[in-house]
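Reader: I should like to go through this protein by question and answer. Please begin with a turn between two strands.

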Amino acid sequence: MYLVVIECCFGGESCEGFQFPNGNRRKAGLPSRGYKPNKLSITISAKGSGTSSTVAKSRSQRDVPLRLLFDTAVDALIVMKSDGTVADWNDRAVDMFGWSRADAIGRSLAELVIPTRYREAHHRGLKLYLETGQAKVLGRRVELSALRRTGEEFPVELSISPFGDGKMFVGCLRDITTHVEAKKTSQIHELQFQFLVQGVKDYAIYMLDPQGRVATWNWGGRNIKGYNSEEIIGEHFSRFFTDEDRRNDLPARALDKARQEGQFEAEGWRVRKDGSRFWASAVITRIHDETGKLLGFAKVTRDITERHEAQTALDQAREQLVQAQKMESIGQLTGGVAHDFNNLLTIIIGNLETAQRHASNLSGGVAAQLTRVIGNAMNGARRAATLTQRLLAFSRRQPLNPKPLDINKFIATSVDFLQRSLGETIEVQAVGGGGLWQVEIDSSQLEISLLNLALNARDAMSDGGKLTIETSNAFLDQDYCRSNPEVVPGQYVLIAVSDTGTGMTKEMLGRAFEPFFTTKEVGQGTGLGLSQVYGFVKQSRGHVKIYSEPGEGTTVKIYLPRLVVAASTIQEDIRAGETAGEGLGEIILVVEDDADVRAYVVEALRELNYNVLEAPDASVALNLTGRTDSHIDLLLTDVVLPGMNGRELAKRMQSQQPSMKVLFMTGYSRNAIVHQGRLDPGVEMVQKPLTQAGLSARIRDLLERP
């Protein structure tokens with residue numbers, strides 16, 4: 001007879017053990033996974049020789065509840081004799097293996113629950129323990145396969161402890177099928193994830209140890225950074241950073257932030273194995289165990305150089321678009337100001353001319369003084385007229401006279417003039433490109449533009465220097481035009497004007513073309529030189545760009561569209577010289593909305609022996625011509641009029657009097673007679689501010705044409 005008392009500590013690493021009939025206790029080492037902290041005592045009794053008194057004593061009132069606990073345990077409990085047969089078998093063992101207690105007791109445990117391939121090892125282990133006391137599995141938990149009555153194998157966790165002087169054994173078995181399957185599934189998922197990570201080529205995904213050394217490496221890391229796993233594992237991840245970032249301790253700061261906040265995310269330049277740089281998006285995530293202990297970091301890096309460059313180009317394009325819109329707004333404003341100012345200058349210059357004519361009839365000291373004063377006033381008015389022309393050039397509202405031009409020849413003939421203008425301390429050099437294409441341009445405005453650039457260069461080279469004008473053919477492609485959206489792709493002739501001066505800051509470059517912007521002292525410059533260049537080039541359908549850095553000089557590049565016309569078809573527009581002369585009593589209708597300008601023009605023409613009619617706008621002019629039977633020889637009209645503009649008025653009147661000549665006055669065309677910088681075909685125009693001599697010459701020339 002034997003007596004087994006099982007006291008299980010559910011929730012601990014092992015159980016209190018078993019109390020043998022002789023009073024000895026031994027730890028059972030029962031599995032504790034999933035148990036709640038409770039204590040269980042179980043008494044098992046059986047017959048054996050020489051123990052009847054002990055058995056009788058054990059059959060106390062405790063036997064029934066303890067037996068109930070044994071049978072209702074959540075794990076299978078099996079008692080085995082030293083000969084390998086089953087001595088007891090609880091209800092959970094019945095459910096787990098499919099053998100009833102009656103079927104199991106007395107039969108070989110190996111035949112009931114151990115797969116055939118493991119039975120021989122079981123017998124050898126039992127024999128070795130009985131003979132030597134040596135055991136490999138006693139007192140610890142092991143995982144192995146068990147056998148159901150149906151022949152199905154399944155995984156169990158087993159703990160075995162001997163008792164009864166080592167002649168008896170109790171085993172606790174737990175079905176861990178769900179656990180093993182979950183573990184296998186987890187292993188499969190982990191393996192799949194590893195394959196996924198290793199197969200990713202667009203992302204560098206790897207682990208860092210707590211000190212920042214590379215612990216794993218994937219194909220994306222090799223593809224992006226250029227290192228094989230053998231080269232990089234064990235190396236510190238700071239080698240991926242630029243020298244500047246390492247000097248600023250960015251790698252350490254990145255790890256500190258990830259360690260403290262859980263994640264670090266940033267974009268910046270990183271370095272490949274070959275030394276080349278790429279723009280990276282990097283994320284560092286802290287990895288820790290369930291206790292919070294830092295295990296390392298997961299790092300993900302993506303090469304986003306193309307996206308970064310595209311975004312940079314987009315930002316530049318937006319900035320340039322804003323700049324272009326600003327320049328356009330300023331141009332419209334300055335054009336309107338120039339128009340009004342031209343009208344004022346017409347009145348001022350016209351009356352000064354009248355005063356000069358009358359002063360010439362006087363004599364004595366007063367006449368000389370008066371003539372000198374009027375002359376000074378006239379010089380000031382002419383300077384003001386020059387400023388308004390520059391404003392019109394910037395606003396792209398000046399009428400141009402473009403003609404085919406050989407740029408190399410033009411610049412070669414301009415060098416001496418520029419050299420004289422700049423002085424001996426500055427060397428002017430022209431370098432013409434071979435096979436240069438022709439352009440169609442207003443040569444006088446181009447000359448003014450080059451002079452303005454040369455004068456700006458002179459001011460930047462106070463101690464002397466060198467001015468170089470180079471020409472070449474150029475093609476502006478789609479990539480360039482994407483970053484400069486106002487430019488049309490195509491073939492251009494490039495004129496590059498470079499100096500060795502002080503250069504310009506980024507802030508100065510952003511405002512260089514603005515009217516009246518200047519870095520010179522008050523009274524030393526108008527701030528209209530570069531704005532004239534800008535307006536002229538834009539009106540000529542070209543492109544202008546400034547390249548400069550402080551202390552490195554400045555280069556202004558002017559791109560003019562190539563003229564694609566056969567050389568034999570290019571003809572010079574030769575016009576007869578203007579000759580001033582008085583009228584022969586012809587009738588001229590003057591239409592001008594500014595009363596003062598109109599009064600001056602009418603008076604000037606009457607002094608020149610013309611019969612003059614006048615009107616403030618188109619409707620009055622049409623009514624006036626409808627009430628007179630006289631033929632009007634010439635219509636002298638402003639382009640910009642309230643209501644119907646001068647162009648529409650001329651068309652209406654010429655439909656009634658086809659032989660009538662038309663001469664437009666303008667200080668600001670607003671595209672009525674000038675398109676893309678060119679006068680419309682058949683249009684004759686005189687630019688404000690008007691002078692009597694200039695107006696007389698243009699009228700006489702026009703009236704004498706057939």
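Author: Gladly; the model is a predicted one. Strands E11 and E12 make up a hairpin, with five residues between them. In its turn, glycine 275 has a positive phi of about 95 degrees.

Reader: In which sense do E11 and E12 pair, and over how many bridges?

Author: Strand E11 covers residues 263-271, and strand E12 covers residues 277-288. One bridge sets glutamate 265 against its partner in E12, valine 283. The pairing of E11 and E12 is antiparallel, and the number of bridges is nine.

Reader: Which residue takes a positive phi in the hairpin of E5 and E6?

Author: Strand E5 (residues 76-81) and strand E6 (residues 86-89) run antiparallel and are joined by three bridges. Isoleucine 78 stands opposite tryptophan 89 of E6. Four residues lie between the strands, and the residue with a positive phi, near 90 degrees, is glycine 84.

Reader: What distance separates the C-alpha atoms of glutamate 111 and glycine 84, and is glutamate 111 buried or exposed?

Author: Glutamate 111 belongs to helix H5, residues 109-113. Its relative accessible area is 46%, and buried means under 20% while exposed means over 50%, so glutamate 111 falls in between, as partly exposed. Glutamate 111 and glycine 84 are 27 residues apart along the chain, and their C-alpha atoms are separated by 9.7 Å.

Reader: Is aspartate 209 buried or exposed?

Author: Aspartate 209 is found in the loop between strand E10 (203-208) and helix H8 (219-225). Leaving aside neighbours within four places in sequence, aspartate 209 is in contact with Ala215, Gly296 and Phe297. Its relative accessibility is 17%, and the limit for a buried residue is under 20%, so aspartate 209 counts as buried.

Reader: To which residue does the backbone nitrogen 2.8 Å from a polar side-chain atom of aspartate 209 belong?

Author: The pair joins a side-chain atom of aspartate 209 to a backbone atom. That backbone nitrogen, at 2.8 Å, belongs to arginine 213.

Reader: Why do the buried residues of helix H21 lie on the same side of the helix?

Author: The buried residues of H21 (residues 646-656) include Gly646, Leu649, Ala650 and Met653. They lie on the same side because the arc they cover around the axis is only 100 degrees. On the other side of H21, the exposed residues are Lys651 and Ser655.

Reader: Against which elements do the buried residues of H21 pack?

Author: At the start of H21, a side-chain oxygen of asparagine 645 comes to within 3.0 Å of the backbone nitrogen of arginine 647. As for the packing, the buried residues of the helix meet strand E21 (587-591), helix H20 (618-627), strand E23 (634-638) and strand E24 (661-666).

Reader: Which helix supplies the largest share of the largest nonpolar core?

Author: The largest nonpolar core has 37 residues, and Ile407, Leu446 and Ile495 are among those with the most contacts inside it. The largest share of this core is six residues, and they come from helix H14 (residues 407-422).

Reader: How many residues does the other core have, the one that includes Ile78?

Author: That core lies apart from the largest one. Val86, Ala93 and Met96 are among its residues, together with Ile78, and its size is 24 residues.

Reader: What share of the protein's residues counts as buried?

Author: The protein has 22 helices and 27 strands. Of its 706 residues, the share that counts as buried is 45%.

How values were computed. Residues are numbered from 1 along each chain as its sequence is written. This is a predicted model: local features need pLDDT of at least 70, side-chain atom pairs count only at pLDDT 80 or more; totals for chains, interfaces and linings use all residues. Side-chain values use heavy atoms; hydrogens and water are left out. Helices (H or I, at least four residues) and strands (E, at least two) are DSSP runs, numbered from the N terminus. Buried means under 20% relative accessible area, exposed over 50%, partly exposed in between (1.4 Å probe, protein chains only). Two strands pair if DSSP finds at least two bridges between them. The arc is that of the directions from the helix axis to the C-beta atoms. Contact means heavy atoms within 4.5 Å. A polar contact is a pair of N or O atoms within 3.5 Å; within protein, one must be able to donate a hydrogen and the other to accept it, and residues adjacent in sequence count only if both atoms are side-chain atoms. A nonpolar core is a set of buried Ala, Val, Leu, Ile, Met, Phe, Trp, Tyr and Cys residues joined through side-chain atoms within 4.5 Å.
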